[in-house]
Amino acid sequence: MRRTLLLAWLALSLATLAPSASEAQSPQDLLRAQKLYDEGDKAEQAGDSAQALAKFEEALAVVETAQLRLRAGRCQEKLGKLVASLESYKRAVALSEEDAALNKVASDQARAAGNKVPKLSLQKPSDAPAGTTITVDGKAVTGSEPIPVDPGEHTIVAEAPGELQRNDDTSRS
């Protein structure tokens, strides 16, 4: 019964995808996605969020649905990957626009996750030399908006042309 319901769910999910994406799906692809979902569900129930996430991500490579994004987001959140979980929940919101109940669940999860994600605020001094750049974990920082980061250590580097580099720049969020 569960297998039949999941197949129906996957078929319905395919119908909501763009025509070009749904045309690429075969019955074998759907069965594979169903198997991966079942394996991910079993792993998550056993408390193995890393394995569950891997299975859900494999299933997402076959067919992207709001339900799969929600499950992946929950695993990412349990693993401390808060920024990725927020992105998964936001994607679930976008994918569930035509299903009001599912959209509400996805929106609630995105809102709750957004409140948990630490944000790092950086500001260049007004007297910083022209061409000064700032990176957080190797990614350039532009603008003055807070940057969402996962909990843990982060490397912050500020570089200015012609200036000596100082490397005591690890911070924890």
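**Helix packing and charge pairs in the predicted model**

Lys 55 is found in helix α4. In this predicted model, the Lys 55 residue turns out to be buried, with a relative accessible area of 17%, and the cut-off for that label is under 20%. Beyond its neighbours within four places in sequence, Lys 55 is in contact with Leu 36, Glu 39 and Gly 40. Another lysine, Lys 35, sits 20 residues away from Lys 55 in sequence, with a C-alpha to C-alpha distance of 9.0 Å.

As for confidence, the protein has a mean pLDDT of 84, and 80% of its residues reach 70 or more. The weak stretch is residues 1-23, where pLDDT stays under 50 and the model has 25 contacts beyond four places in sequence. Where pLDDT is low, predicted coordinates should not be read in detail.

Next comes the aromatic side of things. The count comes to one aromatic pair. That pair is Tyr 37 with Phe 56: the ring centres are 5.8 Å apart and the planes stand at 45°, so the pair is classed as tilted. Tyr 37 belongs to helix α3 (residues 27-45) and Phe 56 to helix α4 (residues 49-62), so the two rings tie together parts that are 19 residues apart in sequence. Both Tyr 37 and Phe 56 are buried. Leaving out residues up to four places away in sequence, Phe 56 also touches Gly 40, Asp 41, Glu 44, Leu 68, Arg 71, Ala 72 and Cys 75, alongside Tyr 37.

Phe 56 shows up again in the nonpolar packing. In soluble globular proteins, nonpolar side chains tend to be buried together. Here the largest nonpolar core has 14 residues, and the members touching the most others are Ala 52, Phe 56, Leu 68, Ala 72 and Cys 75. Helices α3, α4 and α5 each supply at least two residues of this core, with α4 giving the most, at six residues. There is also a second, separate core of 11 residues, which includes Leu 86, Ala 106, Ala 113 and Val 117.

Turning to charge pairs, the structure holds 13 salt bridges. One of them joins the side chains of Arg 32 and Glu 58, at 3.8 Å from N to O. Arg 32 is in helix α3 and Glu 58 in helix α4, so this bridge ties together parts 26 residues apart in sequence. Neither end is tucked away by the accessibility labels: Arg 32 counts as partly exposed at 42% relative accessibility, and Glu 58 is partly exposed at 34%.

Glu 44 and Lys 78 form another salt bridge, their closest N and O atoms being 3.3 Å apart. With Glu 44 in helix α3 and Lys 78 in helix α5 (residues 66-78), the pair ties together parts that are 34 residues apart in sequence. The two ends carry opposite labels: Glu 44 is buried, with a relative accessible area of 8%, whereas Lys 78 is exposed at 51%.

Glu 77 and Lys 116 also meet through their side chains in a salt bridge, at 2.4 Å from N to O. Glu 77 lies in helix α5 and Lys 116 in helix α7 (residues 100-116), so this pair ties together parts 39 residues apart in sequence. Lys 116 is partly exposed, with a relative accessible area of 47%. Finally, salt bridges that share partners join Asp 41, Glu 44, Arg 71, Arg 74 and Lys 78 into one network.

Methods: Residues numbered from 1 in each chain as written. Heavy atoms only, no water. Phe/Tyr/Trp six-rings, centres within 6.5 Å; stacked < 30°, edge-to-face > 60°. Helix = DSSP H or I, 4+ residues; strand = E, 2+ residues; numbered from the N terminus. Buried < 20%, exposed > 50% of the residue type's maximum accessible area, 1.4 Å probe, protein only. Salt bridge = Lys/Arg side-chain N within 4 Å of Asp/Glu carboxyl O. pLDDT = per-residue confidence, 0-100. Contact = heavy atoms within 4.5 Å. Core = buried A, V, L, I, M, F, W, Y, C linked by side-chain atoms within 4.5 Å.
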